[in-house]
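Welcome! Take a moment to look over the structure below, and then we will walk through it together.

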Amino acid sequence: MRFQGKNWKFPDDVDADVIIPARYLMTTDADELAEHVMEDIDPGFSKKVQKGDIIVAGANFGCGSSREHAPIAIKAAGVSCIIAKSYARIFYRNAINIGLPIVECPEAVDDAEEGDEFEIDTDEGWVRNTRTGKSYEVKPFDPFIQDIIAAGGLMEAVAKRVREQGRVAE
Amino acid sequence: MGMTMTEKILARASGRETVEPGEIVEVAVDLVMTNDITAPLSIREFKKTGLERVFDPKKVVLVPDHFVPAKDIKSAEQAKIMREFAHEQGTIYFEVGRAGIEHVVLPENGLTLPGQVIIGADSHSCTYGAFNAFSTGMGSTDIAAAMALGTTWVRVPPSIKYVYKGTLPEDIGGKDLILHTIGLIGVDGALSAAMEFTGPVIDKLSIDDRIEMANMAIEAGAKTGIFPFDELTREWMAQYSDNPYEPVFSDDDATYQEVIEIDVTDLRPVVALPHLPSNTHAAADIHDMTIQQVVIGSCTNGRISDLREVAAILKGQQVHPEIRCIIIPGSQEVAKQATREGLTDIFLDAGAIFSTSTCGPCLGGYMGVLAEGERCVSTTNRNFRGRMGHRNAEIILAGPRVAAASAIAGKVADPRALPVAAI
């Protein structure tokens, strides 16, 4: 998959509470969650983020709470992809499971200025900062995780498997 | 080559002789847990499989605890989705009034055993490492997949060994130890790793203190935090569970990513200032930091041992006139025991409130949400911006003793500076 968009830059340790505060967790509706995305770290973010925009963030992105509402809110807000130095492990799994594209690329994050436009190719494994013209390799996903992404998300992979097991009629 | 206890559990659960850090394995799960915030998403995802039944209703646990008793109509609807699913599937379910906070209730009911693989749609599901289990938090969709398959995938984590040495001061508990550790290594200091807590100090540490430490392994970014199985674990399990279990032990030649030694002899009661759990200081070094609220409870510090520590400090004392002190037992059982022991009267006489069990204020849900500019000392586990209410409120994490001392003083206080009643 290829993405292109301008970035909003965030620091290290952006936790799941600031991505989507618990006061909005009385719903699982993606659009409703998206209205409050990043509210406690950047109030007004949901108003200014445009479809296709990219989040660039430091280390340990998505730390803390296991709330899947966090990547759901980011995806529903129109963010096409995240480039971070590293991800907290639950957020990482959640993003893969719900089909929010994420890549790890510390060097690209260090060089990025907010507003820079990035091109990202998750299949070929690179990101390019169009302002500087500099390209970076990204860490490829493990083949096991590539299979989940290729299936269209974890539950699609699980649904296929339970059909193959004969537990659900074809 | 030897294996760590984490590797042994994952090898056994994946039907293999050995596993190595970095490998992805599919493991059978012994317990799958979800709560009123995460369950509605899990249930929606589970239904996408077309399956009518979960893999094993006796291994699926649903606990309403975050926003119950329902704080508003929307949270009531969420809890209802969960309750109906639990009853339809015949899963283990703990209703309001017979329940409490998941990580307090599950062990009390003997459901979390040494050597098991336990996953929960709650980040503090790493708590059960206190009992020598591999336990970890996941998102709702991972939990839905496990409810369907009875398995989950795990990347075998590298293990980091923490060796606690020296003499543990009497008034230093598990919360102080884990906050101090997170202060040393940072909030991603054990990212995706297994924290193995060992050493002569740990050998003598109570199970409740171990629970506090395992509970907060996630705050260092860890996948799990695990303790050796010993006589204290055996005694604890004998008290709470009749279920058979098989503990695991790390081999002497197991490989660790790192070994970190921590001397606890000079440790003073610890606080973590806003807005990260790693921003640790000795409570005694924080002067004139006024507060408006104290919260005592949560999956970290809502057990009877915590309430006893608080009562010993509050007995015969009064909560500062400008402080709201909110004490929340971790479960109905804890509430009953606190009442039997006379602790409830001590809290009420001191001018604190004693609430029904809930996660409520920890995540800014209800029962103690903070206004702009307010500051709270809390025995919960996260002091992220906005966690307990307004984004410009501040949370100071601490153990129960510091929280109780601060409630009396009206500011961040060192319990060593206060008289302790005989209890």
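Two residues are said to touch, or to be in contact, when they have heavy atoms within 4.5 Å of each other. With that in hand, let us begin at one residue of this predicted model.

## A first stop: Met289(B)

Met289(B) sits in the loop between strand 13 (280-282) and strand 14 (293-296) of chain B. Which residues does Met289(B) touch, not counting those up to four places away in sequence? They are Leu273(B), Arg375(B), Ile396(B), Lys411(B) and Val412(B). For a sense of scale, Asp203(B) lies 86 residues from Met289(B) in sequence, and the two C-alpha atoms are 36 Å apart in space.

## Where the chains meet

Next comes the interface. Here 47 residues of chain A are in contact with 58 residues of chain B. Between them the two chains bury about 4100 Å², and carbon and sulfur atoms give 58% of that area. On the side of chain A, the residues that lose the most area to chain B are Met26(A), Arg89(A) and Arg93(A), which together make up 19% of what that side buries.

Charged and polar partners also meet across this interface. The rule finds five salt bridges between chain A and chain B. One of them pairs Lys74(B) with Glu32(A), whose closest N and O atoms are 2.4 Å apart. There are also 18 residue pairs in polar contact across the interface, counting pairs with both residues at pLDDT 80 or more.

Which elements of chain A give two or more residues to the side that touches chain B? They are helix 1 (16-19), helix 4 (69-76), helix 5 (89-98), helix 7 (143-151) and helix 8 (154-164). Sorted by class, that side of chain A has 22 nonpolar, eleven polar and 14 charged residues.

## Enclosed and open spaces

Now for the empty spaces. Rolling a probe the size of a water molecule over the atoms shows where empty space is left. The structure holds five cavities of 30 Å³ or more. The table sets two of these cavities beside the largest pocket.

| Space | Volume | Nonpolar lining residues | Polar lining residues | Charged lining residues |
|---|---|---|---|---|
| Largest cavity | about 240 Å³ | eight | ten | six |
| Second largest cavity | about 90 Å³ | five | six | one |
| Largest pocket | about 1000 Å³ | 24 | eleven | ten |

The largest cavity has a volume of about 240 Å³. It is lined by 24 residues, and the closest to its centre are His66(B), Asp122(B), His124(B), Leu363(B) and Arg387(B). Helix 4 (102-108) and helix 10 (298-301) of chain B are the elements that give two or more residues to this lining.

The residues lining the second largest cavity include Pro64(B), Asp65(B), Val68(B) and Pro69(B). Gln332(B), Thr356(B), Ser357(B) and Thr358(B) are also among them.

The largest pocket has a volume of about 1000 Å³. Of the 45 residues that line the pocket, the closest to its centre are Tyr92(A), Glu104(A), Phe141(A), Ile145(A) and Arg155(B). The elements that give two or more residues to the lining are helix 5, strand 4 (102-104) and helix 7 of chain A, together with strand 7 (151-155) of chain B. Which element gives the most to this lining? Helix 5 of chain A does, with five residues. Helix 5 of chain A is also one of the elements that give two or more residues to the side of chain A touching chain B.

Definitions and conventions:
Residues are numbered from 1 along each chain as its sequence is written. Chains are lettered from A and ligands numbered from 1 in the order in which they are written. This is a predicted model: local features need pLDDT of at least 70, side-chain atom pairs count only at pLDDT 80 or more; totals for chains, interfaces and linings use all residues. Side-chain values use heavy atoms; hydrogens and water are left out. Buried area is the accessible area (1.4 Å probe) that two parts lose on being put together, summed over both. A salt bridge is a side-chain nitrogen of Lys or Arg within 4 Å of a carboxyl oxygen of Asp or Glu. A polar contact is a pair of N or O atoms within 3.5 Å; within protein, one must be able to donate a hydrogen and the other to accept it, and residues adjacent in sequence count only if both atoms are side-chain atoms. Helices (H or I, at least four residues) and strands (E, at least two) are DSSP runs, numbered from the N terminus. Ala, Val, Leu, Ile, Met, Phe, Trp, Tyr, Cys and Pro count as nonpolar, Asp, Glu, Lys and Arg as charged, and the others, Gly among them, as polar. On a 1 Å grid over the protein atoms alone, a cavity is a set of points where a 1.4 Å probe fits but cannot get out, and a pocket is an open set with protein on both sides within 12 Å along at least five of seven lines; lining residues have an atom within 4 Å of a point. Grid points are joined across faces, edges and corners, and a volume is the space filled by probe spheres set on the points.
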